[in-house]
Amino acid sequence: MSGTTTGGSMTKSPARIAATVVAGVFLLVGILGFIPGVTTEYEGMTFAGHHSTAMLLGIFQVSILHNIVHLLFGIVGLALARTAGGAISFLVGGGAVYLVLWIYGLIVDMDSAANFVPLNTADNWLHLFLGLGMIAVGALIWQAGTRRRSTSGRGTSD
């Protein structure tokens, strides 16, 4: 499942491809968060907390910590994407983390010190869709792989 050999070349499984793409997007977002112009009000960026006025693409509130978290999430995703099982774990587990972050964003007072990431309404909607999307992709790929293994005779008791 981690890759198949076809004509001497290694091909990645769908799980590894999906996790690599998602991780790459997180790395890109983390980098873009440090680029003035792409991040508006860049001079107002703080290390952490709701006082940061920097906005990625003029929409998503970011801070240095927020950008570092995106970079780290991308690095972890690339590391886990080296195997199909790790890739699915990244997609489903990472999606769960983003759903928890979405819930946190709903209950935290946006103007309090507890909003240390920082988060705004646009971030909350993005976290919801990211969480649901990552879990759905991971689960669908896992289910397709399980179905493929069972129909090929592996994994059955016959």
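**Leu 57 and its backbone**

Task: classify Leu 57 of this predicted model as buried or exposed, then place it in the chain and check its phi.

Solution. Start with accessibility. Leu 57 has 55% relative accessibility, so it counts as exposed. The cut-off for exposed is over 50%. Next, locate the residue. Leu 57 sits in the loop between S4 and strand S5 (60–61). Now read the backbone. Its phi is positive, about 60 degrees, although Leu 57 is not a glycine. Most residues other than glycine have a negative phi.

**Glu 41 as a second case**

Task: find where Glu 41 lies, and give its phi and its exposure class.

Solution. Glu 41 belongs to the loop between strand S3 (39–40) and strand S4 (55–56). Its phi is near 50 degrees, a positive value in a residue other than glycine. Its relative accessible area is 44%, so Glu 41 is partly exposed. That class lies between the 20% and 50% cut-offs.

**The order of elements**

Task: count the helices and strands of the protein chain and write their order from the N terminus.

Solution. Count first: the chain has four helices and five strands. Then read along it. The order is β-β-α-β-β-β-α-α-α. As for burial, 36% of the 158 residues count as buried.

**Helix lengths**

Task: compare the span of H1, H2 and H3 with the span expected at 1.5 Å a residue.

Solution. Use one less than the number of residues, times 1.5 Å.

- H1 has 19 residues. Its first and last C-alpha atoms are 27 Å apart, close to the expected 27 Å.
- H2 (residues 64–80) has 17 residues. It reaches 24 Å, close to the expected 24 Å.
- H3 (residues 84–107) has 24 residues. It should span 34 Å, and its end C-alpha atoms are 35 Å apart, which agrees.

**The buried face of H2**

Task: list the buried residues of H2 and say how they are arranged around its axis.

Solution. The buried set is His 66, Asn 67, His 70, Phe 73, Gly 74 and Gly 77. Look down the axis of H2. The buried residues fall within an arc of 120 degrees, so they line one face of the helix. The general rule: an α-helix has 3.6 residues a turn, so residues three or four places apart point the same way.

For H1, the buried residues include Arg 16, Phe 26 and Leu 27. For H3, they include Phe 90, Leu 91 and Tyr 98.

**Aromatic contacts**

Task: give the number of aromatic pairs and classify the pair Trp 125 and Phe 129 as stacked, tilted or edge-to-face.

Solution. There are six aromatic pairs in the structure. The ring centres of Trp 125 and Phe 129 are 6.0 Å apart and the planes meet at 20 degrees, so the pair is stacked. Stacking requires planes under 30 degrees apart. Both residues lie in helix H4, four residues apart, about one turn of the helix. Phe 129 counts as exposed, at 54% relative accessibility. Elsewhere, Phe 26, Phe 73, Phe 90 and Tyr 98 form one aromatic cluster.

**The largest pocket**

Task: give the volume of the largest pocket, then work out what lines it.

Solution. The volume is about 270 Å³. The lining has 19 residues; Val 25, Phe 26, Val 29, Leu 126 and Leu 130 lie nearest the centre. Sort the lining by element. Helix H1 (14–32), H2 and helix H4 (121–151) each supply at least two residues. H4 gives the largest share, seven residues. Sort by class: 14 are nonpolar, four polar and one charged.

**The loop before H4 and a residue inside H4**

Task: describe Asn 115, Pro 118 and Gly 145 by place, and add burial, peptide bond or C-alpha distance where it applies.

Solution. Asn 115 lies in the loop between H3 and H4. At 0% relative accessibility, Asn 115 counts as buried. Its C-alpha is 8.8 Å from that of Ala 48, 67 residues away along the chain.

Pro 118 is found in the loop between H3 and H4. A cis peptide bond joins Val 117 to Pro 118, with omega about -5 degrees. Most peptide bonds are trans.

Gly 145 lies in helix H4. With a relative accessible area of 1%, Gly 145 is buried. The C-alpha atoms of Gly 145 and Pro 14 are separated by 9.2 Å, yet the two residues are 131 apart along the chain.

Key: Residues numbered from 1 in each chain as written. Predicted model: local features only at pLDDT ≥ 70, side-chain atom pairs only at ≥ 80, totals over all residues. Heavy atoms only, no water. Buried < 20%, exposed > 50% of the residue type's maximum accessible area, 1.4 Å probe, protein only. Arc of directions from axis to C-beta. 1 Å grid on protein atoms, 1.4 Å probe; cavity = no way out; pocket = protein on both sides within 12 Å on 5 of 7 lines; lining within 4 Å. Points joined across faces, edges and corners; volume = space filled by probe spheres on them. Nonpolar A, V, L, I, M, F, W, Y, C, P; charged D, E, K, R; others polar. Phe/Tyr/Trp six-rings, centres within 6.5 Å; stacked < 30°, edge-to-face > 60°.
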